[in-house]
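This report goes through strand pairing, empty space and backbone geometry in turn. Please keep the sequence and the coordinates at hand while reading.

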Amino acid sequence: MTPLISRSGTGRKGLVTLICGALATGAITAASVAALEPGAASASSHREAPLISGTPQYDNTDLYAFVSPDKPDTTTIVSDYIPFEEPAGGPNFYQFADDAQYDIHIDNNGDALDDLIFRYTFRTQIKNKKTFLYNTGVVDNLTDPDLNVTQSYNLDLIKLKNGRQQHTTRIASDIPAAPSDVGKASMPDYAKLRSQAIYKTAGGGATFAGQADDPFFADLRVFDLLYGGNLSEVGNDTLKGYNVNTIALQVPNDLIRQSASRPTVGIYATTQRKNAQGYYSQVSRLGNPLVNEVVNPQKDKDKFNASQPKDDAQFLKNVTNPELPKLIQAIYNIKAPSEPRNDLVSVFLTGVKGLNTEQPQAKPSEMLRLNTSIKPTAKPKRLGVLDGDNQGFPNGRRLTDDVIDEALQVVEGELVGSKNDLGDAVDKNDKSFEKYFPYVAEPTAGSRGKIAKAAAGSSTKSALGDALTGSGDNNMTLIAGSAAAGAAGVLLIGTAFAWWRRRVQRPY
C-alpha cells in the first residue's frame, strides 16, 4: 500500500499527511467508518478530549471486541487505559484508579440502553510504605513479599431492563492484577506473573487485568510538519515500545446476546470517577476508535465523554456532514463524497445491514457492534470488511485490524464508489499477539539492557530487599545517610564553583 497516497487527484504526496494532521488536531469531524483509529490525536482515544487528557488513569484508549479465535462460543472484549506508558516510568508505576468504576456495557436489542454491565473496581495495597520502591527484590510470583505495590479487583455483572438496574452478581472477588513490568532484574519471568493474573470464571469465561503492550499501531509523526513536510516520515510505528493498562474479559456468547437468532451486540466502555461528595460521574467513553478525537469538534469532546448512547442524536451532524473530506477537497482537489454521509451512519451509528445491525431495534447510537455468529477465520485480513473479511472491523474490532487505513479509505468514499488506497504504511503491531486469552502482547520491560547484577555475587534480592526488611531501619538509615552525604558533597562542589565564578567575573 502506498503511504497515504490516493490513486486519483492532485497533490497526492500530502493527502495522508493532511488527513493525519487533521486527525491529530481534532479538526476532522466525522469520518470514520466506525474506525478512525489512532492516526492522530495520539492514537485512537489517547488524550482525545481536554478534561480526560489530564487524568490518564481514567482514560479509555482503545476498545476491541471479537469472537475468540480459539473458543468461538465466547466473545473477548479488550479495553485499554492510561495512554503512552513509558516502560521505565517508575518509581510510581502504572495502576488502575482505586476511585473508579471501569465498565463494559452491552446492548443486545438495539435500543441504545444497557442490558448488561461488567464492572471492574480496583484496590491498591502497599506492604512497606517506608520505601519508594515498587518492588524490593526479585518478584517470582504475584504473592511475593518483594512485590511491594499490588492491585486486586472485583468483577460484578449488573443486569438491567429498559436501562434500569435489576440486580448485581459478583463474578470474581479480590483477583490479583498483573503488575507493571519493571525489568528483567526485578521480574525475570514476567510471563509467569501474567499467567497468574488470568482468572477462569464460571461458565467458561475468563478475566485479566494488568499491563500490556499497546496493541494500537500507527505512524504518529504527523506533528513534525505533517510527516516531515514531504512524507519522508511515514512507515514507523510510533507507539512501539509504549504500554497500556488492559482489562480483558472473555464471556460466553449466550450470556451477552439475545439469542442465536439475534446474535449482534453493541459494546462500549466507560469510566466513572468518584467525586468529593462520594458520587460517581462518567468521565470517559469509548466505542469505535478515533470517534472523539476526529469525529467530534472541540465543543463536543468533553460532552461526549459524559454522554450515553441513547442521546447520540445530538452528535449526528458530526457524522453526516464531516469536515475532513471538505478539507481534502479544498487543498488537494479530491472531490468529497456527497452529503449527507449515510454510509458513515450505517457503520458508525446503526450497524451495516445484513452484517451487524441489532434487532429488533436499531436506534442510532455510537458503539462497537459485533455479530457473534460469524466464526473466526484462520487468516484474518487487516482491512476487515473492506477486504471481504466479515469477521473484522467494523464488525467488532480485532487486535490485528488496521483501523487507521480502513478509516482513511472509508472517509474518502470507499463505500460509495470512490475507491482509494489510503494508508499510513504501518500495517501491523510491532509485537505479535498471543494465540490465547488475553491475546494482547506482553508489555515492554522497564529495563531493556543487560540484567543487573549485585556486587560481590550477591543477589539483587539480598542486596536491596534485605536492606528494606528485618533490620531494615539501620540499613535505611545507612542508605539515607549515604544519600545525604552524596548530596552534601554535590552541594559543596556547587557552592565552590559558584564562588569561583563570582571571583572570575568580578570587574576588579
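Which residue is the bridge partner of Thr201 in β8? The partner is Gly205, and this pair offers a convenient way into the structure, which is a predicted model.

**Strand β8 and its neighbours**

Strand β7, which covers residues 199-201, is joined to β8 by three bridges, and the two strands run antiparallel. Together β7 and β8 make a hairpin with three residues between them, and within that turn Gly203 has a positive phi of about 85 degrees. β8 also pairs with strand β9 (residues 243-252), again in the antiparallel sense, over eight bridges; in this pairing Ala206 has Gln250 of β9 as its bridge partner. As for the surroundings of β8, which spans residues 205-213, nine of its nine residues are buried, so the strand is largely enclosed by the rest of the structure.

**Pockets and the cavity**

Rolling a probe the size of a water molecule over the atoms shows where empty space is left. The table sets out the volumes of three such spaces and the classes of the residues that line them.

| Space | Volume | Lining by class |
|---|---|---|
| Largest pocket | about 580 Å³ | ten nonpolar, five polar, eight charged residues |
| Second largest pocket | about 360 Å³ | eight nonpolar, nine polar, four charged residues |
| Largest cavity | about 40 Å³ | six nonpolar, one polar, two charged residues |

The largest pocket, with its volume of about 580 Å³, is lined by 23 residues, of which Pro380, Leu399, Thr400, Phe433 and Glu434 are the closest to its centre.

The second largest pocket has 21 lining residues, and those that lie nearest its centre are His105, Asp114, Ile117, Leu160 and Gln308. Several strands contribute to this lining: β3 (100-107), β4 (116-126), β5 (149-161), β10 (264-274) and β11 (280-286) each supply at least two residues.

Turning from pockets to enclosed space, the structure holds one cavity of 30 Å³ or more. The residues that line the largest cavity are Val291, Asn296, Phe304, Asp312, Phe315, Val319, Phe348, Leu349 and Glu366.

**Backbone geometry in the loops**

Most residues other than glycine have a negative phi, and most peptide bonds are trans. Against that background, four places in the loops deserve a careful look.

Two of them concern peptide bonds that precede proline. The bond from Glu339 to Pro340 is cis, with omega near 0 degrees, and Pro340 lies in the loop between α8 (324-332) and α9 (342-350). The bond from Gln359 to Pro360 is likewise cis, with omega near 5 degrees, and the place of Pro360 is in the loop between α9 and β12 (368-371).

The other two concern positive phi values in residues other than glycine. Asn162, found in the loop between β5 and β6 (164-176), has a phi near 55 degrees, while Tyr439, in the loop between α10 (403-411) and α11 (460-464), has a phi near 75 degrees.

Is each of these two residues buried or exposed? Asn162 has a relative accessible area of 58%, and because the cut-off for exposed is over 50%, Asn162 counts as exposed. Tyr439, in contrast, has a relative accessibility of 2%, and because buried means under 20%, Tyr439 counts as buried.

Key. Residues numbered from 1 in each chain as written. Predicted model: local features only at pLDDT ≥ 70, side-chain atom pairs only at ≥ 80, totals over all residues. Heavy atoms only, no water. 1 Å grid on protein atoms, 1.4 Å probe; cavity = no way out; pocket = protein on both sides within 12 Å on 5 of 7 lines; lining within 4 Å. Points joined across faces, edges and corners; volume = space filled by probe spheres on them. Nonpolar A, V, L, I, M, F, W, Y, C, P; charged D, E, K, R; others polar. Helix = DSSP H or I, 4+ residues; strand = E, 2+ residues; numbered from the N terminus. Buried < 20%, exposed > 50% of the residue type's maximum accessible area, 1.4 Å probe, protein only. Pairing = 2+ DSSP bridges.
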